[in-house]
Amino acid sequence: MLTLHCPNCGVMADETELHAEGEAHIKRFGPGSSDEEFENYLFERKNPKGVHFERWRHVAGCGKYFHAARNTMTLEVYGTYSAQTLAPPKTLVNAIKKKHPEWEGWA
Amino acid sequence: MSTRLADHGRLIDRSKPMNFEFNGKRMKGYEGDTLASALLGAGQTLVGRSFKYHRPRGIIASGGEEPNALVNMGQGGRFEPNQRTTTTELFDGLYATSQNHWPSLEFDVGVVNNYVARFLPAGFYYKTFMAPRAAWKHVFEPIVRQSAGLGKVPKDRDVDTYEYFYHHTDVLIVGGGVAGLAAAKAAAASGAKVMVVEQTAHWGGRTPVDGGEIDGIPAADWIEATVEALENMDNVTLRLRMQGSGIYDHGYALGYERVADHTPGDGRPRHRLWRIRAQQIVNATGAIERPLSFAGNDIPGVMLAGAVRDYVVNWGVSAGDRTVVVTNNDDAYRTALVLKEAGLEVPVIIDARAAVTSPLAQAARAAGIRVAEGKGIAKVHGGKFVTGVSICAQAGEGSSLEEIKCDAVAMSGGWSPVVHLWSHCGGKLIWDEVQAFFRPDPARPPLSHDGKGFVLTAGSASGALGLSDVLTDADAAGKAAGKAAGGKAGRKAAPKAAAEVHQAMEPVWIMPQGASIQKRMKMWLDYQNDVKVSDVQLAAREGYESVEHTKRYTTLGMATDQGKLSNINGLAVLSDALDQPIPQTGTTTFRPPYTPISFGAIAGEAKDELFQPIRKTPMHDWHEEAGAYFEPVGHWRRPYTYPKPDETHAQAVNREVLNTRERLGLLDASTLGKLIVSGPDAGRFMDMMYTNLMSTLPVGKCRYGLMCTENGFLSDDGVVARIDETTWLCHTTSGGADRIHAWMEDWLQCEWWDWKVHVANVTEQLAQVAVVGPNARKVLEKLGGMDVSKETLPFMQWADGTIGGFDARVYRISFSGELSYEIAVPASQGRAFWDALLEAGEEFGVMPYGTEALHIMRAEKGFIMIGDETDGTIIPQDLGLNWAISKKKDDFLGKRAQLRSHMVDPDRWKLVGLETLDGTVIPDGAYAVGEGVNANGQKNVIGRVTSTYFSPTLNKGIAMGLIKHGPDRMGEVVDFPTLDGTGTVIKARIVDQVFYDKEGAKGNV
């Protein structure tokens, strides 16, 4: 059972307080988008073995959403950060890259 | 035969005898006994039958690794199968029976399987599937069923209680042997909060059996002093009878405490499941001795050497009068010395090693025990008990050199560290070539959230086997754990024991090494599941190269003991058959729990009314007193109907419908979701959430709205009210409030976070009552207060005011087609308001109605219900709700998806009404069939029923359904075959879905 630091209320939260909300930083495509764009938006997910960026909600806590960068293989959590952003913080990305030089990057 | 000795037995109190019953026989043991030691002490060597061949089985071990001695424990509400006698503490009045035999333990007809054993090889079950069908039905299935299943399933309700504990600690130490205690001492000295758990009822593990000195005093004294010192520290928690059962992500661990197994019925919970979060975990889980694979190694009386020693020292019980010791390592010599010291005979120590000169071997020789070097056991003689062994050269093929009479065999194939908990959460293992075992690789531990290891091992669990090495290793682990958990670095020296000189063990996987197939077919690897050396070799020949496949094919290590004794020997045999090194074969996956834990402990207090929290409306008590029949709606309980005495539910529902249509009905609608959406950008947000245009809704008005997922599918519906310029109130379905609230928060927090909107879920702030029927206005006017006339409060408007002195918000909306007011009052006033309505309504024929009447009335009016007409694959257009989809908006959630080719396909099933030709009711979920057949020869399906009821208003069956091209086929008749086996086909005409009051005259008054 994972523990994640909620950047909104500051507590180290047990997974029972949290709800997983899928892959982070998905760009929404609405009316006017092509079938391919829309299909990617709705269905295509990375599901990587390794570094992954996820959305979580502190549902049984402060109720706020946040982002987490973690490793699906080793369960290491590189960091959690605000949900109100389109990309992970550069410092976090750099720190992950330093740890895993073979990692292809977040985008 | 096993017996109780006149002396020895450090754990038993001979002044406190205890009576127990095994298979109807009254037996005697002592306080401090396990059921296993008491059975052996009472001379009961035969304790069960094996799973597949029904061979006689005796006790082999003295701890949780025991595969054989499983019994049915207790009776009635305390009956439980598969209880290990070795971990069951004896209590006065204990009642147990043996398993897997018929008609009796001594005479079992199932043993016939033993004589057809060559027809039941590895993969027997799978092979039966390849036979002709008839053979499976008439030959194999009866045999498999006969032999399947361990123990019996309990029939009565469990009379005991169980509970959870939650605990946070800096350091959790699993195992209370000398390693666990030394690690605890070191960790506690750092100032860290430490918890030590030990699965047995005693501290110190095996060390008191083996003796030795620690820090200059006898080991037993050191253990006592250390436990006392730890007990006196504020930062240390010690728990006996508590197993560290599993280790999970980020320092999460499960503890299984057997609080009252040994004191049944004393009022305490039987088991307690501890959910522990630790920063660091130290596994001081010790090691398990391995059996040796020789012919007849499963005959009762053949035991692990360490266990034979335990029974003498701990419980004053001997496995036999003449015990042959067979080994490949020094440790078993300790058993020989203990037996000799207890005045028992050890005719020979058979050692597979060619020349043995270690101090322990010399001590054995000095005690007058013969040591046969380079030898093995060719065969154990006996059936239900051991009568002797044949000795052979280990290097040979098993020709008997000599026969020796004996009644017990103590075997040791070496020791394996207990690596289970290390592996539960991803810790990796390395193969130790010298000691021939897998041990934890400290460089690859399970990782915590910070990317650092959170599990350490101490003592034998690390692979250290001598007392001196164990203490040094455990002290280092304790210090490291304390420091990693934020404590001070420890400087105290580790506890010391004298270094021991051992002669290296020699791996022996088959005895003798060149044994014939006849012998290999009698060499048991997995005692519980009857897997033999020959089975694993056969699996390898048949191409099972992966250890995981071999496990499942042969069932090696698959029983309740999960291969604690069999795994290493099994994969060594497999590696040999595959001609590859053991590490290349690898191990199977270790999964929690370490030993089986009770279902009761897992459930804890979550049963009956505590299974999950129940949400109750302010009027709930009234419903209960009125004898309501409830149905679950989300976590709510809603009255389904209020049956009167002698009334069926159907009769009650019909009465409620008719009364509401003709007079006055009351519905507790408090469970309806109520979300407030407010802020400068709330209108824009509402337009995205709903398919309708909600921003243009005038203040004071209501509008029915639909919400879709981004997939376009209908997800929720309800009436929206515009409260003021920047505020909307959204009604959601009863089960959908939390989901829709989260959905709105998601979009506001993660997509449009710059929009100035907030959402509040006020569902439980308000009690809501639907006042429905021709007399609805009369009762409100009688109560007095605000003007609820047609002119002041027309349909689809709302107003604030008072009714009968209650602060109320009144919505003129209707889900039944009748004149209807939905009235919200503060939750604290809900019951009083309900009572006032009932009292005032008496002269108007008031009657409460439940959810089923609500469903029928909405179906009579052709209104959809989320979850009936929708199932997550239905778009609003399927339900003819195009009028509720705004064409003026550029965007709303689901809009893009509804443009996909599949969504605009004219062949999509569409909603219509269905009227049976004979007035009967179409069964729930019935499918409509059309012309022709599909590729599988089944009739083509052209639609299905979504709602179907008997309408008391129309006195016939009505239904709604989704039918291919339905709206274009009005008046046509479709077939609904029933599944009741009669072949009946119900014919129904496609009609308009509004069955009642099409022009809406009843509500428009």
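Select B:R277 and A:D14. Their side chains meet in a salt bridge, 3.0 Å from N to O. This is a predicted model, so treat each stop as a feature of a prediction.

**The border between the chains**

Stay at this border and count the salt bridges between chain B and chain A: there are five. Polar contacts add to the picture, with 17 residue pairs linked this way between chain B and chain A. Which elements of chain B should you colour here, given that they give two or more residues to the side that touches chain A? Pick strand β16 (271-283) and helix α22 (737-750) of chain B. The largest share comes from α22(B), with six residues.

Now show both chains in full. In chain B, 32 residues are in contact with 34 residues of chain A. The two chains bury about 2,600 Å² between them. Carbon and sulfur atoms account for 51% of that area.

**Two cysteines in chain A**

Move to A:C6 and A:C9. Why is there no disulfide between A:C6 and A:C9? The sulfur of A:C6 has its closest cysteine sulfur in A:C9, at 3.7 Å, which is too far for a bond. A disulfide needs the two sulfur atoms within 2.5 Å. Over all chains, the count of disulfides is zero.

Turn on a surface and look at the pair again. A:C6 is buried, at 0% relative accessibility. A:C9 is partly exposed, with a relative accessible area of 35%.

**Domains of chain B**

Return to chain B and colour it by domain. Domain 1 covers 3-110, and domain 2 joins 162-288 with 417-484. Domain 3 spans 291-413, and domain 4 spans 517-580. Domain 5 is made of 859-890 and 905-991.

Keep domain 1 and domain 2 of chain B on screen. Their C-alpha centres lie 28 Å apart. Nine residues of domain 1 are in contact with twelve residues of domain 2. The area buried between these two domains is about 990 Å², with 48% of it from carbon and sulfur atoms. Which residues of domain 1 lose the most area to domain 2? Select B:R10, B:E89 and B:F91, which together make up 47% of what that side buries.

Hold on to B:E89. Its partner in a salt bridge is B:R241, and the closest N and O atoms are 2.5 Å apart. Across the interface of domain 1 and domain 2 of chain B, two salt bridges are found. Three residue pairs are in polar contact between these domains.

**A covered helix**

Next, select residues 305-315 of chain B. This is helix α8(B), and eleven of its eleven residues are buried. Among them are B:A305, B:R309, B:D310 and B:W315. Step just past the end of the helix. There B:G316 takes a positive phi of about 60 degrees.

**A serine in a loop**

For the last stop, find B:S670. The residue sits in the loop between β35 (664-668) and β36 (673-678) of chain B. Is B:S670 buried or exposed? B:S670 counts as buried, because its relative accessibility is 1%.

Show the side chains around B:S670. The side chain of B:D668 makes a polar contact with that of B:S670, at 2.7 Å. Then look beyond the neighbours within four places in sequence. B:S670 is in contact with B:T617, B:P618 and B:M619, and also with B:T763, B:L766, B:A767 and B:Q768.

Definitions and conventions:
Residues are numbered from 1 along each chain as its sequence is written. Chains are lettered from A and ligands numbered from 1 in the order in which they are written. This is a predicted model: local features need pLDDT of at least 70, side-chain atom pairs count only at pLDDT 80 or more; totals for chains, interfaces and linings use all residues. Side-chain values use heavy atoms; hydrogens and water are left out. Buried means under 20% relative accessible area, exposed over 50%, partly exposed in between (1.4 Å probe, protein chains only). Helices (H or I, at least four residues) and strands (E, at least two) are DSSP runs, numbered from the N terminus. A polar contact is a pair of N or O atoms within 3.5 Å; within protein, one must be able to donate a hydrogen and the other to accept it, and residues adjacent in sequence count only if both atoms are side-chain atoms. Contact means heavy atoms within 4.5 Å. Domain bounds come from an automatic or database domain assignment. Buried area is the accessible area (1.4 Å probe) that two parts lose on being put together, summed over both. A salt bridge is a side-chain nitrogen of Lys or Arg within 4 Å of a carboxyl oxygen of Asp or Glu.
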